[in-house]
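I opened a fresh page for this one and kept my notes short. Have the model on screen and look along with me.

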Amino acid sequence: MTSALVVVHRLSISGGRRVTLHDRGRNQILVTAYGDHYLVVFLGGAGVAEPEGLGNRSF
């Protein structure tokens with residue numbers, strides 16, 4: 001099984017957080033989340049365990 005790095009970027013000027021996937025030297029934008037709720041729903045759907053707890057981390 002291979003793993004890929006998923007990065008949630010800081011807020012953009014438009015107010016959204018870009019979520020990107022870095023795998024095999026390539027970067028791909030997955031989604032731009034315009035609110036914490038949408039970010040949690042997306043990450044949960046992508047298989048991240050307990051995405052609600054990520055809000056306690058700085059990003």
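Which backbone oxygen does the side chain of arginine 17 reach? I looked it up: the backbone oxygen of histidine 9, at 3.5 Å. A note to self before going on: this is a predicted model.

**Entry: confidence**

I checked the pLDDT before trusting any detail. The protein averages 81, and 86% of the residues score at least 70. I then looked at where confidence peaks and dips: S3 is highest at 91, while helix H1, residues 36-45, is lowest at a mean of 85.

**Entry: the sheet**

I traced three strands in an open sheet, in the order S1-S2-S3, with antiparallel pairing. The edges are S1 (5-11) and S3 (26-33), and each of these pairs on one side only. From one strand to the next I get an average twist of 25°.

Next I went through the pairings. S1 and S2, the latter covering residues 17-23, are antiparallel and share five bridges. On the other side, seven bridges join S2 to S3, again antiparallel. For a landmark in that second pairing, I noted that threonine 20 stands opposite isoleucine 29 in S3.

I also followed the chain from S2 into S3. The two strands form a hairpin with two residues between them. Arginine 24 sits in that turn, and I wrote down its positive phi of about 55°.

**Entry: back to arginine 17**

This residue kept drawing me back. Arginine 17 is found in strand S2, and leucine 11 stands opposite. I also looked for a partner far along the chain and picked alanine 33: the two are 16 residues apart in sequence, yet 5.1 Å apart in space, C-alpha to C-alpha.

Is arginine 17 buried or exposed? Its relative accessible area is 15%, so I count arginine 17 as buried, the cut-off being under 20%.

Then I wanted to know what answers its charge. Which side chain of opposite charge is nearest to arginine 17? I found aspartate 36, 4.3 Å away. A salt bridge has to fall within 4 Å, and arginine 17 has none despite being buried. What I can put beside its side chain instead is the backbone oxygen of histidine 9, at 3.5 Å.

Terms used: Residues are numbered from 1 along each chain as its sequence is written. This is a predicted model: local features need pLDDT of at least 70, side-chain atom pairs count only at pLDDT 80 or more; totals for chains, interfaces and linings use all residues. Side-chain values use heavy atoms; hydrogens and water are left out. Two strands pair if DSSP finds at least two bridges between them. Helices (H or I, at least four residues) and strands (E, at least two) are DSSP runs, numbered from the N terminus. Axes are lines fitted to C-alpha atoms, for helices over the stretch in contact, and angles run from 0 to 180 degrees between N-to-C directions. pLDDT is the predictor's confidence in each residue, from 0 to 100. Buried means under 20% relative accessible area, exposed over 50%, partly exposed in between (1.4 Å probe, protein chains only). Lys and Arg count as positive and Asp and Glu as negative; His and the chain ends are not counted. A polar contact is a pair of N or O atoms within 3.5 Å; within protein, one must be able to donate a hydrogen and the other to accept it, and residues adjacent in sequence count only if both atoms are side-chain atoms.
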